[in-house]
Amino acid sequence: MKIKEIIVVEGKSDTTVIQHAVNADTIETNGSEISEETIEQIRLAQEKRGVIIFTDPDYPGERIRKIISSKVPGCKHAFLPKQEAIAKNKRGLGVEHASRESILEALGNVKEEYIEEVERITWNDLVSAGLIGGPKAKARREKLGRLLRIGYMNGKQLHKRLMMFQITEEQFADAILELQQEERE
């Protein structure tokens, strides 16, 4: 499978595993201290071919994703659930530990950022759905992020991502129903 966009990853190991799964070019950020030169490369890539940000499902990966999104608007995003990014020896977490199938799944469910963000799901909807406040909110957000393929985030980030990726009321309602069914099992 050939990917038109350039995939932004954190390091060489990520590039290696991505290139074993798909035919794609990558830009490596080499950690969360992204240089201005790297941001310029990503800007140019976005203009010419488009960009998919594919970082680790951890705090540094989310930080990199936010930095790039704020400086290079309109990027696409691929998310890997944490459980699919754990090293076999359980001593690492990252894209480089994901299976080929997990990478293909993440790249097959890329989310596009919208510049004009419209609030379709309100803060009150999130509270009513038990995603903000309450003892099970964190676990429910984690499951919702997996179901919608938008990664794990806190409540404020969830609200922003729902707008950024223009998740519809129907997609949200379907995911909440699936989440509730999982909880009953």
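**Exercise 1. Locate Gly50 and state whether it is buried or exposed.**

Gly50 is placed in the loop between H2 and strand S3 (51-53). Helices (H or I, at least four residues) and strands (E, at least two) are DSSP runs, numbered from the N terminus. The next step is the accessibility: with a relative accessible area of 13%, Gly50 is buried. Buried means under 20% relative accessible area, exposed over 50%, and partly exposed in between (1.4 Å probe, protein chains only). As for distance, Gly50 and Thr16 are 34 residues apart in sequence and 20 Å apart in space, C-alpha to C-alpha.

The model is predicted: local features need pLDDT of at least 70, side-chain atom pairs count only at pLDDT 80 or more, and totals for chains, interfaces and linings use all residues. Residues are numbered from 1 along each chain as its sequence is written, and side-chain values use heavy atoms, with hydrogens and water left out.

**Exercise 2. Compare the end-to-end span of H2 with the expected value, and determine where its buried residues lie.**

Step 1. The expected span of a helix is 1.5 Å times one less than its number of residues. Helix H2 (residues 36-48) has 13 residues and should therefore span 18 Å; its end C-alpha atoms are 18 Å apart, which agrees.

Step 2. The buried residues of H2 are Thr38, Ile39, Ile42, Ala45 and Gln46. Viewed down the axis of H2, these buried residues fall within an arc of 120°, so they line one face of the helix. The arc is that of the directions from the helix axis to the C-beta atoms.

Step 3. The face of H2 turned away from the buried side carries the exposed residues Glu37, Glu47 and Lys48. Glu37 also serves as a distance marker: its C-alpha atom is separated by 14 Å from that of Val8, 29 residues apart along the chain. Val8 lies in strand S1 (residues 6-9) and, at 0% relative accessibility, counts as buried.

**Exercise 3. Carry out the analysis of span and buried face for H3 and H6.**

Step 1. For the 13 residues of H3, 1.5 Å a residue gives an expected span of 18 Å; the end C-alpha atoms are 19 Å apart, which agrees. Its buried residues are Gly61, Glu62, Ile64, Arg65, Ile68 and Ser69. They fall within an arc of 160° seen down the axis of H3, and so line one face of the helix. The exposed residues Tyr59 and Ser70 are carried on the face of H3 turned away from its buried side.

Step 2. H6 has 12 residues and reaches 16 Å from its first C-alpha to its last, close to the 16 Å expected at 1.5 Å a residue. In H6, the buried residues are Ala137, Arg140, Arg141, Leu144, Gly145, Leu147 and Leu148. Down the axis of H6 these residues fall within an arc of 160°, so they line one face of the helix.

**Exercise 4. Describe the largest pocket by volume, lining and residue class.**

Step 1. The largest pocket has a volume of about 350 Å³. Of the 24 residues that line it, the closest to its centre are Pro57, Lys82, Gly151, Tyr152 and Met153. On a 1 Å grid over the protein atoms alone, a pocket is an open set of points where a 1.4 Å probe fits, with protein on both sides within 12 Å along at least five of seven lines; lining residues have an atom within 4 Å of a point. Grid points are joined across faces, edges and corners, and a volume is the space filled by probe spheres set on the points.

Step 2. Helix H3 (59-71) and helix H6 (137-148) each supply at least two lining residues. The largest share, 5 residues, comes from H3.

Step 3. By class, the lining has 8 nonpolar, 5 polar and 11 charged residues. Ala, Val, Leu, Ile, Met, Phe, Trp, Tyr, Cys and Pro count as nonpolar, Asp, Glu, Lys and Arg as charged, and the others, Gly among them, as polar.

**Exercise 5. Locate Arg149 and Gln166, and give the phi and burial of each.**

Step 1. Arg149 lies in the loop between H6 and helix H7 (155-164). Its phi is positive, about 60°, although Arg149 is not a glycine. At 10% relative accessibility, Arg149 counts as buried.

Step 2. Gln166 is placed in the loop between H7 and helix H8 (169-184). Its phi is near 50°, a positive value in a residue other than glycine. Gln166 is buried, with a relative accessible area of 11%.
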